Amino acid sequence: MKTKQLFIGIDVSKGYSDFNILTGEKEVFGKAFQLDDTQNGHQILKEKLEELTSKGYQIVCGVENTGGYEHNWVKAVKTLSMTNEKIEIYKLSQSC
């Protein structure tokens with residue numbers, strides 16, 4: 001059986017982030033959402049990721065390197081990925 005993959009793009013801004021989810025077939029999965037860069041926002045994200053992995057999804061998160069604003073999100077997801085092997089996170093750099 002093929003693993004179901006979801007790719008989560010995290011667009012980081014000062015104080016909040018926007019989240020978009022795509023399937024392995026590059027189709028939009030659910031509605032885009034926004035979370036505040038707070039402990040509560042991080043907890044909501046963790047719960048959403050755990051819900052998706054409990055349904056059999058493998059999650060790959062990509063977060064833009066914003067010079068520091070991304071640290072809290074990376075830490076939140078990385079902490080979760082240490083106990084949930086179905087979650088990965090990568091910090092992406094812009095290149096031209």
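This is a guided tour of a predicted model, moving from the sheet to its helix, then to individual residues, salt bridges and a surface loop.

**The sheet**

Begin by showing the strands alone, where you will find an open sheet of 5 strands in the order 3-2-1-4-5, with mixed pairing. At its edges are strand 3 and strand 5 (87-92), each of which pairs on one side only. If you turn the view to look across the strands, neighbouring ones are turned by 25° against each other on average, direction ignored.

Next, select strand 1 (4-13) together with strand 2 (16-23); these two run antiparallel and are joined by 8 bridges. At the end of this pairing, select Ser13, whose bridge partner in strand 2 is Tyr16. The hairpin formed by strand 1 and strand 2 has 2 residues between the strands, and within this hairpin Gly15 takes a positive phi near 95°.

Now add strand 4 (57-64), which runs parallel to strand 1 and is joined to strand 1 by 7 bridges. To follow the register here, select Gly9, which stands opposite Gly62 in strand 4. Then move to strand 3 (33-36), which is antiparallel to strand 2, with 4 bridges between the two. In this pairing, Asp18 stands opposite Gln34 of strand 3.

With the sheet still displayed, bring in helix 2 (residues 71-81), which packs on the sheet and touches strand 1, strand 2, strand 3, strand 4 and strand 5. The direction of helix 2 makes about 155° with that of strand 5.

**Leu6 and Thr23**

Select Leu6 in strand 1 and display the side chains around it. Is Leu6 buried or exposed? Leu6 is buried, because its relative accessible area is 0%, where the limit for that class is under 20%. Leaving out residues up to four places away in sequence, Leu6 touches Ile21, Leu22, Thr23, Phe29, Leu52, Tyr57, Gln58, Ile59 and Val60. For one of these contacts you can check the backbone as well: the C-alpha atoms of Leu6 and Ile21 are separated by 6.6 Å, although the two residues are 15 apart along the chain.

From Leu6, step to Thr23, which is found in strand 2. Thr23 also counts as buried, with a relative accessible area of 13%. Beyond its neighbours within four places in sequence, Thr23 is in contact with Gln5, Leu6, Phe7 and Phe29.

**The salt bridges**

Switch now to the charged side chains, among which a search of the whole structure finds 2 salt bridges. Side chains of opposite charge can pair when their charged atoms come close.

Select Lys55 and Glu51 to see one of these salt bridges, in which the closest N and O atoms are 3.2 Å apart. Both partners are partly exposed, Lys55 with a relative accessible area of 49% and Glu51 at 41% relative accessibility.

For the other, select Glu70 and Lys91, whose closest N and O atoms are 3.4 Å apart. Why does this pair tie together parts that are 21 residues apart in sequence? Glu70 lies in the loop between strand 4 and helix 2, while Lys91 lies in strand 5, so the pair links those two parts. Comparing the surroundings of the two partners, Glu70 counts as buried at 1% relative accessibility, whereas Lys91 is partly exposed, with a relative accessible area of 41%.

**The loop between strand 2 and strand 3**

Finish at the loop between strand 2 and strand 3, where you should select Lys26. Most residues other than glycine have a negative phi, and most peptide bonds are trans. Lys26, however, has a positive phi of about 65° although it is not a glycine. At 70% relative accessibility, Lys26 counts as exposed.

In this loop, select Val28 too, which is exposed, with a relative accessible area of 65%. Which residues form a nonpolar patch on the surface with Val28? They are Phe7 and Leu22, and the patch has about 260 Å² of accessible area for the three residues together. Displaying the surface of Phe7, Leu22 and Val28 shows this nonpolar patch, and with Leu22 and Phe7 selected you can return to the earlier stops, since Leu6 touches Leu22 and Thr23 is in contact with Phe7.

Notes
Residues are numbered from 1 along each chain as its sequence is written. This is a predicted model: local features need pLDDT of at least 70, side-chain atom pairs count only at pLDDT 80 or more; totals for chains, interfaces and linings use all residues. Side-chain values use heavy atoms; hydrogens and water are left out. Patches are made of residues with over 30% relative accessible area and no salt bridge: like charges are joined within 9 Å, nonpolar side chains (Val, Leu, Ile, Met, Phe, Trp, Tyr) within 5 Å. Accessible areas come from the Shrake-Rupley method with a 1.4 Å probe; for residues, only the protein chains shown count as cover. A salt bridge is a side-chain nitrogen of Lys or Arg within 4 Å of a carboxyl oxygen of Asp or Glu. Buried means under 20% relative accessible area, exposed over 50%, partly exposed in between (1.4 Å probe, protein chains only). Two strands pair if DSSP finds at least two bridges between them. Axes are lines fitted to C-alpha atoms, for helices over the stretch in contact, and angles run from 0 to 180 degrees between N-to-C directions. Contact means heavy atoms within 4.5 Å.
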